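Please find below my notes on the structure under review. They take up the cysteines, the internal cavities and the nonpolar cores in turn.

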Amino acid sequence: MNAPLKKLSELAGVAFDGRRSGYVPPKELRISKKLKLHRKAKQRIDPVTFEVVRHALWNVNEEHGATIQRLSGSPVAMYALDLNPSILTEDAEFVYFGPYMQYMSGVTDTQVKWTLENRSDNPGIREGDMFLANDPWVGAAHQMDVMLLCPVFWKGELFCWVTNCLHQYDIGGITPGSFCPSARDAFDEGILLPPIKIVEGNEIRRDIEEVYLRSSRKPSAVALDFRAQLAGNTTARDRIFSLIKRYGVDTVKGVMRKIIDDGERAFLKKLERLPDGVWRERTYVECCRPGDRSVHRVMLTLTKNKSRLTFENEGTDPQAGAINATYSGWRGAIMVALNELLCWDQYYAVGGALRHVDFNPTPGTLNCADFPASVSTAPVQCMEISLYPAYNVLSKMLYPDPELRRDLMCIGGTSQWPATIFRGIDQWGERYGYLLVDPIGGAIGAFSHADGISTGGQARTPICKLPNVEHTEQSFPLLFLYRKEIRDSGGAGKWRGGLSAESCFIPHGTDAITHDTLSSGNAIPTSTGMMGGYPGAVNRYRFLRDSDILSRMKTSDLVNDIDELQGRSETLQLRQQDFVQNPADVYAVLWSAAGGFGDPLERDPAKVEADVDNGDVSADAAREIYGVVLGDAQATARLRAEKRMGRIGRPSGKKLDAKETLRATENLAVKGARWCCAKCSTDLGPVSANYKAGCVRNDLPIKASNPIVGDPARFIDPVPQFRQFCCPGCGLAVENEIAIAGDPPLRDVEIPR
């Protein structure tokens with residue numbers, strides 16, 4: 001009753017700066033004097049000891065994650081690997097996070113900092129405590145990603161934190177499984193818990209646990225998830241105690257500090273090699289609520305100024321419907337790309353880099369939503385739509401350096417997750433609710449020097465893998481008809497994006513399955529290409545009612561594609577609720593593929609022919625997109641010349657004779673103070689202006705971007721375009737752009753001169 005009013009407001013979800021977004025401007029932590037922090041660290045550590053302890057700390061994280069996997073029993077943990085452990089310093093700087101779902105660790109430090117500020121005085125942070133949290137306005141991807149925060153004490157001082165996060169089976173809300181695509185606001189979704197002390201003196205507080213489980217349809221499964229997380233933290237804490245006892249507390253803290261400091265130095269060394277500039281990306285998310293046919297714009301701007309990077313989302317549309325993410329989700333999503341493209345050599349140690357990264361969001365937007373916006377679907381929509389554009393802006397920043405450009409990567413598959421949330425009575429007569437995990441098979445985007453990887457997983461979950469079909473059939477009342485990679489799904493380019501796949505199934509061992517769809521990226525490609533590359537395939541639902549599948553199965557007639565079957569085709573909408581799949585109804589889900597890099601007309605014809613032979617590219621796409629006449633090199637050269645001239649009509653413009661001073665992208669160079677084509681040096685205008693104004697612009701229908709893209713009018717009213725910006729001198733595709741008609745050309749690269 002004596003808590004200050006501000007603290008009560010925070011508990012209700014009101015943000016600390018009054019804008020209710022969850023965003024807190026950078027400031028010093030305010031920690032109670034009751035809490036003593038361990039600050040002493042050994043400054044000089046011999047190299048052998050450092051390497052031994054460093055790797056031991058990494059193995060603590062590995063064992064931590066594996067413990068949760070083994071004990072949870074949840075298919076979310078076992079197959080989707082939708083979890084991640086972390087180690088942080090006493091004041092919440094990252095030492096390590098794990099190779100599982102990196103979103104989850106990307107928001108951990110905000111949770112720990114909040115706990116330090118708001119729990120260190122009352123109820124206090126003490127040895128043997130753990131705090132449970134899932135409030136996205138404090139620091140969580142969405143309500144189902146439940147965190148367990150464990151302070152590690154040594155002789156009365158807070159030494160560090162070990163934490164974990166696990167997507168739990170069901171924590172309430174209007175939809176079983178807690179993904180709530182029709183939620184009006186957070187009050188339609190699962191329980192919201194800012195950090196609460198659920199373990200005190202190494203004992204579970206029954207009162208807190210019972211409150212936490214009360215909203216769940218599967219309390220026993222959630223209780224088991226919680227105990228798996230508890231075991232993970234306990235294991236990690238014990239391993240750190242062992243390291244301290246063996247090497248000394250100041251040595252272990254010194255290693256932690258050095259890991260962070262080394263990461264900082266490596267990060268700064270890379271930034272020194274890159275020019276200052278501004279890079280932008282624009283993309284779109286569809287269908288914010290059932291019946292919505294609009295498109296919602298998402299903007300990302302990256303500014304490099306010497307040794308600092310600043311990310312902003314200004315220009316993003318206001319929060320809407322049930323697709324939103326909070327500030328912590330936006331920040332955590334960007335941290336995934338930052339870790340992979342700039343910190344990969346630090347083995348998941350991003351603390352040093354974060355000392356030089358600012359996040360400057362606009363509250364009240366789709367990916368920095370004010371409370372009480374609906375956010376339960378954030379990781380498959382507005383967090384995804386925040387993460388993947390970050391690959392493009394960071395990759396374009398890296399490109400000018402010949403060595404660092406090898407680290408860039410185009411947007412991967414499942415850039416929007418095509419969820420199907422299914423529920424009903426399973427083969428054992430029990431109620432269940434889950435979603436199809438197969439899209440985690442993803443695809444890896446093209447590189448600046450190599451093709452992407454077909455069904456290579458999701459880069460944000462480096463050790464993810466497609467669930468075994470038999471495991472899914474064992475756990476749920478499904479029978480798979482096929483799962484296969486889809487030809488032409490990968491984005492075309494000089495280097496091709498990886499293919500995605502499609503899973504097709506019918507009910508089995510049950511009378512029917514009830515579904516909700518939850519998707520975006522079905523009308524507008526979200527795995528955009530880069531530097532002239534084409535986008536990967538869109539998401540696709542195919543549903544066939546009253547098919548002849550059961551009669552075909554009786555004669556052992558296998559099905560290779562849903563189009564081989566007879567039945568009534570039904571177009572599923574992107575948030576279609578409560579539709580029933582009966583035993584003869586066939587459902588196929590294809591997930592978005594990966595973007596390509598560079599102009600497809602620049603791809604080695606021999607590689608195109610190999611793609612056709614391998615079944616990755618069709619003969620039609622080889623001719624129409626790549627300009628390759630199979631088996632005829634001379635005809636290929638003629639066709640490609642025709643296609644280049646078809647883009648521009650006839651050559652025009654003047655050539656620049658000056659020396660190239662910067663290669664801004666694969667196809668864009670700077671000579672003096674002017675942009676030019678990197679292939680033929682045609683002048684594209686002053687560096688102070690948008691180079692696209694000097695290109696020939698072709699506005700093509702969105703279907704031209706990828707053979708899998710269908711008619712967008714099935715899902716949305718706005719008209720999307722596939723824009724090509726081509727060199728007026730040689731017809732090279734300098735850059736492509738996915739845009740809604742009427743949106744101005746994006747100034748994606750801005751280099752001060």
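1. Disulfides. No disulfide turns up when the whole structure is searched. Cys160 takes part in none, and the cysteine sulfur nearest to that of Cys160 belongs to Cys150, 8.3 Å away. Cys160 counts as buried because its relative accessibility is 0%. It should be kept in mind throughout that this is a predicted model.

2. The pair Cys680 and Cys727. For Cys680, the closest cysteine sulfur is that of Cys727, at 3.4 Å. A disulfide requires the two sulfur atoms to lie within 2.5 Å, so the separation of 3.4 Å is too far for a bond. Cys680 has a relative accessible area of 18% and is therefore buried, the limit for that class being under 20%.

3. Cavities and the largest of them. The model holds eight cavities of 30 Å³ or more. The largest cavity has a volume of about 210 Å³. Its lining is made up of 19 residues, and Asp82, Met101, His167, Phe179 and Trp417 are the closest to the centre. Two elements, α4 (102–106) and β13 (431–435), each contribute at least two residues to the lining of the largest cavity. In terms of residue class, this lining comprises 13 nonpolar, two polar and four charged residues.

4. The second largest cavity. This cavity encloses about 160 Å³. Which residues lie nearest its centre? Among the 17 residues of the lining, they are Glu281, Gly529, Asn736, Glu737 and Ile738. At least two lining residues come from each of β8 (277–286), α12 (384–398) and β27 (733–740), and β27 provides the largest share, with four residues. The lining of the second largest cavity contains five nonpolar, five polar and seven charged residues.

5. The largest nonpolar core. This core has 163 residues, and the members that touch the most others are Leu57, Phe311, Tyr391 and Trp675. Helix α10 (residues 327–342) supplies the largest share of the core, ten residues.

6. Surroundings of Phe311. Once neighbours within four places in sequence are set aside, Phe311 is in contact with Leu300, Thr301, Leu302, Trp330, Ile334, Leu338, Val357, Asp358, Phe359, Asn360 and Leu394.

7. A further core. Separate from the largest nonpolar core is a second one of 25 residues, including Ala492, Val608, Val628 and Ile716.

Key
Residues numbered from 1 in each chain as written. Predicted model: local features only at pLDDT ≥ 70, side-chain atom pairs only at ≥ 80, totals over all residues. Heavy atoms only, no water. Buried < 20%, exposed > 50% of the residue type's maximum accessible area, 1.4 Å probe, protein only. 1 Å grid on protein atoms, 1.4 Å probe; cavity = no way out; pocket = protein on both sides within 12 Å on 5 of 7 lines; lining within 4 Å. Points joined across faces, edges and corners; volume = space filled by probe spheres on them. Nonpolar A, V, L, I, M, F, W, Y, C, P; charged D, E, K, R; others polar. Core = buried A, V, L, I, M, F, W, Y, C linked by side-chain atoms within 4.5 Å. Contact = heavy atoms within 4.5 Å.
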